[in-house]
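Please open the model in your viewer and keep the sequence beside it, since this tour moves from one selection to the next.

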Amino acid sequence: MKKYLLLIAIVGIATAWINKPVSHPLTVHNYSFTHYNTDGTRMYFGKDLTAINYIKGFDYICLSANTICTFMGNTANAHTDLTGNYFYTSDVPPAGIDDSGIYYDGF
Amino acid sequence: MLRKLTIGLVPGLLVLLFVYTGFTKVFALQHFRDTLYNQPFPHPLAAVLTYLIPTIELSIAAALLFNRTRKPALYAATGLLTLFTLYIAAILLHFFRRVPCSCGGAFRGLSWAQHFWINILLTGLTITTIIFNSKKSIPSPLNHLLL
């Protein structure tokens with residue numbers, strides 16, 4: 001075994017530790033999966049995204065001002081619905097439903 | 001001279017790369033898992049790759065440390081780098097329905113295109129090292145200085 005390679009490996013471990021991704025509480029969010037659309041896509045309604053520091057217009061869009069804001073998606077983040085299934089931001093249809101059951105067909 | 005430099009430097013570069021990338025994933029396994037789930041392949045595959053990729057990377061790095069296992073490790077490194085390069089090429093050529101973020105790798109600030117060219121360079125260096133390794137060494141008075 002070459003000692004300089006072992007030394008490089010130790011440097012690599014130390015660098016990985018220093019540069020390890022910091023767990024961010026916003027990496028994964030839960031969204032309420034309510035029911036399927038007629039085309040088979042799922043409908044979600046969002047939580048109060050401002051409370052978790054999402055940026056309006058980038059991470060979310062409010063369908064009805066100051067009431068229910070639905071998911072727009074930051075592709076840098078992974079997301080799960082309340083059933084624990086991951087979904088892609090592109091899977092979310094441009095529609096939503098608020099907690100009183102009113103359906104919004106697109107933005 | 002070039003041969004000695006390549007054989008001396010490239011394994012070190014690869015050890016640094018695979019130890020760094022492997023341990024970055026191990027130290028933040030949940031983050032790596034989330035990133036894989038956001039890639040355009042089936043989730044069951046992502047679940048397996050979460051553990052498989054760092055295991056392979058660290059195994060290659062460990063194998064590069066020892067003289068007896070260095071040669072197969074260089075072949076394995078070429079294979080892994082080639083697979084990743086092909087995946088990036090597929091993304092850049094829009095083979096998938098969307099372009100995922102390139103934020104899960106060890107070099108999080110790089111774009112997919114930058115990742116691609118770095119991988120091409122590393123793959124080329126690794127193949128060159130394999131070729132140099134397979135040739136018989138020519139005795140040189142400088143040998144004892146470089147090794």
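## A helix with two sides

Begin with chain A, bearing in mind that this is a predicted model, and select A:K3, A:L7 and A:I18, which are exposed on one side of helix α1(A), the side away from its buried residues. Now widen the selection to the whole of α1(A), residues 3-18, a helix of 16 residues that reaches 23 Å from its first C-alpha to its last, close to the 22 Å expected at 1.5 Å a residue.

Next, colour A:L5, A:A9, A:G12 and A:A16, which are the buried residues to look for in this helix. They lie on the same side of α1(A) because they cover an arc of only 55 degrees around its axis. A general rule helps here: an α-helix has 3.6 residues a turn, so residues three or four places apart point the same way.

What covers these buried residues? Show chain B, where the covering elements include α1 (2-27), α3 (43-65) and α4 (67-92).

Then select B:V15, which touches A:L5, A:I8 and A:A9 in chain A, as well as B:Y20, B:A61, B:L64 and B:L65 in chain B, leaving aside residues up to four places away in sequence. B:V15 is also among the residues with the most contacts inside the largest nonpolar core, which has 19 residues, and B:L14, B:L17, B:F18, B:L64 and B:L81 are the others. Two or more residues of this core come from each of α1 of chain A and α1, α3, α4 and α5 (112-134) of chain B, and the largest share, 6 residues, comes from α1(B).

Finally, select B:F32, B:F41, B:L49 and B:Y87, which are among the 11 residues of another core, lying apart from the largest one.

How values were computed
Residues are numbered from 1 along each chain as its sequence is written. Chains are lettered from A and ligands numbered from 1 in the order in which they are written. This is a predicted model: local features need pLDDT of at least 70, side-chain atom pairs count only at pLDDT 80 or more; totals for chains, interfaces and linings use all residues. Side-chain values use heavy atoms; hydrogens and water are left out. Helices (H or I, at least four residues) and strands (E, at least two) are DSSP runs, numbered from the N terminus. The expected span of a helix is 1.5 Å times one less than its number of residues. Buried means under 20% relative accessible area, exposed over 50%, partly exposed in between (1.4 Å probe, protein chains only). The arc is that of the directions from the helix axis to the C-beta atoms. Contact means heavy atoms within 4.5 Å. A nonpolar core is a set of buried Ala, Val, Leu, Ile, Met, Phe, Trp, Tyr and Cys residues joined through side-chain atoms within 4.5 Å.
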